[in-house]
Amino acid sequence: MGRKQNAIRRTVREFAEHRLAPVAHELDQQARFPWELMEPMKTMNLFGLQAAPQWGGAGLDTVSYVIVIEELSRVCAGVALAVTVHNSVSLFPIEAFGDAEQKGRLLPGMCSGDRIGAFCLTEPNAGSDISSVEASAVPEDGHYRLNANKVWVTNGAIADVAVVLARTDPGDRKRGFGLLVVERGMQGFSVGPLEDLCGMRANPVAALIMNDCPVPRKNLLGRSGDGIRMALQTLDVGRVGIAAQALGIAQGSLDASVEYAAQRRQFKSPILQFQSVQNMLADTATELDAARLLVYRAAWLRDSGAAFSDASAKAKLYASELATRAASRGVQIHGGYGYSKSYPIERYWRDARITEIYEGTSEMQRLVIARGLAREGGG
Ligand SMILES: Cc1cc2nc3c(=O)[nH]c(=O)nc-3n(C[C@H](O)[C@H](O)[C@H](O)COP(=O)(O)OP(=O)(O)OC[C@H]3O[C@@H](n4cnc5c(N)ncnc54)[C@H](O)[C@@H]3O)c2cc1C
């Protein structure tokens with residue numbers, strides 16, 4: 001790591017340990033977003049991490065971005081989720097595919113954190129298969145009439161800006177999709193009830209409903225017909241963030257487990273002295289190093305301008321499955337206390353599980369990786 005990246009890690013770790021850690025348990029239990037931490041988070045530029053400085057962003061490289069998400073997730077993954085989704089799948093597609101007017105209008109408010117972003121693909125009948133999205137955006141005079149029922153939207157209840165995949169060309173069933181920017185306050189836009197989640201409870205995940213919502217044509221990103229391609233490119237970027245999140249949860253689980261094993265005594269000795277416990281910790285530490293290399297490699301490839309879709313799928317697949325293993329071993333090391341709310345390890349366990357599901361399930365990551373192999377093999 002370079003000196004600048006080490007400094008970023010120190011700054012974010014200090015914020016996470018001093019400001020997030022004291023409230024993380026309560027945020028989880030109350031399913032509450034920490035509005036009181038918005039000002040320090042804004043000051044740290046957490047809402048414009050990779051955006052260009054001309055819009056108010058910090059212009060960070062992807063490796064630095066990964067470090068930020070990893071450090072936040074090590075302490076409170078629900079808040080880290082808000083930051084990663086805002087940056088990588090809401091702000092990113094606007095900066096990557098938007099025109100100058102759209103960027104000038106939308107990005108400054110998003111970079112400052114005054115306007116929170118969301119990304120809406122999933123619907124009741126469209127999960128892994130985004131080509132079955134039913135949301136319809138019918139072109140009319142000067143606007144699209146949007147009808148959509150988007151479910152499981154991260155940041156849903158607090159989002160001011162939502163990037164929405166919808167059918168913009170009813171005549172083209174296969175490719176007629178576009179990405180539209182929908183803004184809170186538009187007629188026909190409403191937020192459904194909060195999801196009562198197993199983990200990531202600090203994040204206000206909710207459905208977003210658009211009922212005959214007139215979205216101005218100037219809010220279409222790129223071209224109609226390119227929606228799926230832009231959504232998939234966005235997910236490649238997003239997956240690096242989710243992989244970083246999983247890495248942070250795994251690291252937090254290991255740290256908590258070592259600390260507990262050092263102080264818990266049985267048979268007149270700290271349980272850290274028992275080889276079975278040592279094996280669990282050693283396995284997690286080794287797999288964590290492997291995951292970190294995969295995640296940083298995906299980030300570095302993106303920074304170098306190389307293809308990184310395959311690397312991002314591998315990083316997300318491995319890091320997310322490790323997060324679940326690391327947290328589960330952590331629960332085992334904590335014994336009965338691991339199964340109670342007295343220690344944070346059970347929260348890590350609940351938070352870890354979703355990283356194997358959202359922004360593409362592990363099964364979909366394996367599909368992406370295997371397709372790459374088939375291409376390389378000429379299949
Ligand atoms: C907390 C949370 C936050 C979320 N945030 C967002 C968000 O911000 N924006 C958004 O758009 N979505 C979001 N989602 C939705 C999430 O991305 C989807 O749940 C996920 O993509 C899986 O879709 P699904 O739930 O419909 O499962 P399905 O697609 O129905 O899959 C069910 C099972 O079948 C498997 N499966 C499906 N197809 C195949 C196949 N071809 N080959 C092998 N196995 C297959 C899957 O891997 C899975 O095991 C969120 C979900 C949660 C729980």
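**Notebook: the ligand site and helix 9**

I began with the ligand, and I noted that a polar side-chain atom of Thr361 lies 2.7 Å from one of the ligand's oxygen atoms. I recorded that the model is predicted, that local features need pLDDT of at least 70, that side-chain atom pairs count only at pLDDT 80 or more, and that totals for chains, interfaces and linings use all residues. Residues are numbered from 1 along each chain as its sequence is written, and side-chain values use heavy atoms, with hydrogens and water left out.

I then looked up two further atom pairs. An N or O atom in the side chain of Glu363 is 2.7 Å from an oxygen atom of the ligand. A polar backbone atom of Trp152 is 2.8 Å from a nitrogen atom of the ligand. Taken alone, the ligand exposes 980 Å², of which the protein buries 64% (Shrake-Rupley method, 1.4 Å probe).

I asked which elements give two or more residues to the shell around the ligand. They are strand 1 (117-120), strand 3 (143-153) and helix 10 (362-376); helices (H or I, at least four residues) and strands (E, at least two) are DSSP runs, numbered from the N terminus.

I turned next to helix 9 (residues 345-354), where 7 of the 10 residues are buried, so the helix is largely enclosed by the rest of the structure. Buried means under 20% relative accessible area (1.4 Å probe, protein chains only). I listed the buried residues as Ile345, Glu346, Arg347, Tyr348, Arg350, Asp351 and Ala352. These buried residues pack against helix 1 (3-30), helix 3 (62-75), helix 4 (77-97), helix 6 (227-263) and helix 8 (309-333), where contact means heavy atoms within 4.5 Å.

Note on methods:
Buried < 20%, exposed > 50% of the residue type's maximum accessible area, 1.4 Å probe, protein only. Polar contact = N/O pair within 3.5 Å; in protein donor to acceptor, adjacent residues only side chain to side chain.
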